[in-house]
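Trainee: Could you take me closely through one part of this structure, starting from the chain it belongs to and ending with the partners it packs against? I would welcome a careful, connected account.

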Amino acid sequence: MELLSGISATSGALNAQRTRLDVIAQNIANARTTRGPDGGAYQRRVVSFENELLRSVGADGRMTSGLSTVRVAGITTDSTPGQRISDPGHPDADAQGMLTLPNVNLAFEMVDLITASRAYEANLSVAKNSRQMAMKTLEIGR
Amino acid sequence: MIQPVANSLNYQLARKLLDASVLRQEAIATNIANAETPGFRRLDVSSDFASTLRARFAGGTQPRVSEIQSLTPKLAEDSTVRAVRADGNSVEIESELLAMNRNHVDHEFLTELVSRHIKQLKMAITGRVV
């Protein structure tokens, strides 16, 4: 039992959502990066979450339900090919004058950005609420 | 001497309900953390707790303090809500935030109730308003 009830679930989710925001920021920043360390255009990164059981509930002790949090399972590269445009003047264009752009879609990234920041805010308000409840509990009898 | 206060029905009830509200806060924290986990079913304080409590008060009779003390709130999957999303997740973030705010008010009321009991006892001991 924690003093701030549920804080481990909330902090896990906050961490995971922040990582997601970082990755989205990276994708948007590299929306026009045509040369990466591997020589090719930037490929967008995708964060995947996994569920981590904190404490099992239910008398039968089955592990399917319980207090659980989320954490980042990994950051993978989206390998869909990027758009190819004709731009012979570009230094990264190939012999035919074709240039491969990163597979970043700004609209997708913006929607993802809003979802992630709303999820972050919701978890933050839970953390604030838990704190207020703990403060109130500490004031019992005063 | 202080047994009558600590063993009064309201004090013991407030204690149990405080336990329940802390558990509910934990459940809501989990629900919001897992708002995007596919197949996640929302958690809440088991409905057994409320129904047992209601049964104890059925017919206008007051339960004994020992009956209240034996109650323990537990967490369970909420089977009353249906998953409306394609991924089988039954969490709705708006209703979770509302439930959290309601739970906060409940918790504040209960801590106040417990405090008042203790303050009354202090006043009886010292003879001064504390």
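Mentor: Read from the N terminus, the elements of chain B follow the order α-α-β-α-α-β-α, which amounts to five helices and two strands. This is a predicted model, and what follows concentrates on helix H2 of chain B, residues 9–33, with the rest of the chain as its setting.

The overall form of chain B comes before the helix itself. The radius of gyration of chain B is 18 Å, well over the 14 Å that the globule rule gives for 130 residues, so the chain is more spread out than a compact globule. The C-alpha trace of chain B extends over about 65 × 35 × 20 Å along its principal axes, and buried residues account for 28% of the 130 residues. As for how the chain meets itself, if one takes the contacts between residues at least 6 apart in sequence, 75% of them join residues at least 24 apart.

One such pairing of separate stretches is that of H2(B) with H5(B), the helix spanning residues 93–126. The axes of these two helices, H2(B) and H5(B), come within 9 Å of each other and cross at roughly 155°; because the angle is over 145 degrees, H2(B) counts as roughly antiparallel to H5(B). The crossing of H2(B) and H5(B) is left-handed. On the H2(B) side the residues that meet H5(B) include Tyr11(B), Ala14(B), Leu17(B) and Leu18(B), and further along Ile28(B), Asn31(B) and Ile32(B). On the H5(B) side they include Ile93(B), Glu96(B), Ala99(B) and Met100(B), together with Leu110(B), Leu113(B), Val114(B) and His117(B). Sorted by class, the residues of this contact between H2(B) and H5(B) comprise twelve nonpolar, seven polar and three charged.

A single residue of the helix, Ala27(B), repays a closer look, since Ala27(B) lies in H2(B) and is buried: 28 other C-beta atoms fall within 10 Å, where 20 or more are needed for a residue to count as buried. Leaving aside residues up to four places away in sequence, Ala27(B) touches Leu43(B), Asp44(B), Val45(B) and Leu75(B). Ala27(B) can also be placed relative to Met100(B), from which it is 73 residues away in sequence but 9.6 Å away in space, C-alpha to C-alpha; Met100(B) is itself one of the H5(B) residues that meet H2(B).

The helix also faces the other chain. Across the interface, 28 residues of chain B are in contact with 29 residues of chain A, and the elements giving two or more residues to the chain B side are H2(B), strand E2 (75–77) and H5(B). H5(B) supplies the largest share of that side, ten residues, and by class the side of chain B that touches chain A holds 14 nonpolar, eight polar and six charged residues.

Within this interface H2(B) packs against two helices of chain A. With helix H1 of chain A, residues 7–29, the packing angle is about 15° and the axes are 8 Å apart, which makes H1(A) roughly parallel to H2(B). H1(A) passes H2(B) in a left-handed crossing, and there Ala9(A), Thr10(A), Gly12(A) and Ala13(A) meet Ala29(B), Thr30(B) and Ala33(B). That contact of H1(A) with H2(B) is made of four nonpolar and three polar residues, with no charged ones. Elsewhere in H1(A) lies Asp22(A), which is partly exposed, with 14 other C-beta atoms within 10 Å.

With helix H2 of chain A, residues 106–138, the axes come within 9 Å and cross at roughly 165°, so that H2(A) is roughly antiparallel to H2(B). This crossing of H2(A) and H2(B) is again described as left-handed. Here Ala122(A), Asn123(A), Val126(A), Ser130(A) and Met133(A) meet Gln25(B), Ile28(B), Ala29(B), Ile32(B) and Ala33(B), and the contact of H2(A) with H2(B) has seven nonpolar, three polar and no charged residues.

Taken residue by residue, Ala29(B) and Ala33(B) appear in the contact with H1(A) and in the contact with H2(A), while Gln25(B), Ile28(B) and Ile32(B) meet H2(A) and also take part in the contact with H5(B).

Definitions and conventions:
Residues are numbered from 1 along each chain as its sequence is written. Chains are lettered from A and ligands numbered from 1 in the order in which they are written. This is a predicted model: local features need pLDDT of at least 70, side-chain atom pairs count only at pLDDT 80 or more; totals for chains, interfaces and linings use all residues. Two residues are in contact if their C-beta atoms, placed from the backbone, lie within 7 Å. Helices (H or I, at least four residues) and strands (E, at least two) are DSSP runs, numbered from the N terminus. Ala, Val, Leu, Ile, Met, Phe, Trp, Tyr, Cys and Pro count as nonpolar, Asp, Glu, Lys and Arg as charged, and the others, Gly among them, as polar. Axes are lines fitted to C-alpha atoms, for helices over the stretch in contact, and angles run from 0 to 180 degrees between N-to-C directions. Angles under 35 degrees count as roughly parallel, over 145 as roughly antiparallel, 65 to 115 as roughly perpendicular and the rest as oblique. A crossing is left-handed if the near helix is turned anticlockwise from the far one by less than a right angle, and right-handed if clockwise. The radius of gyration is taken over C-alpha atoms; the globule rule is 2.2 Å times the number of residues to the power 0.38. A residue is buried if 20 or more other C-beta atoms lie within 10 Å of its own, exposed if 12 or fewer, and partly exposed in between; C-beta atoms are placed from the backbone.
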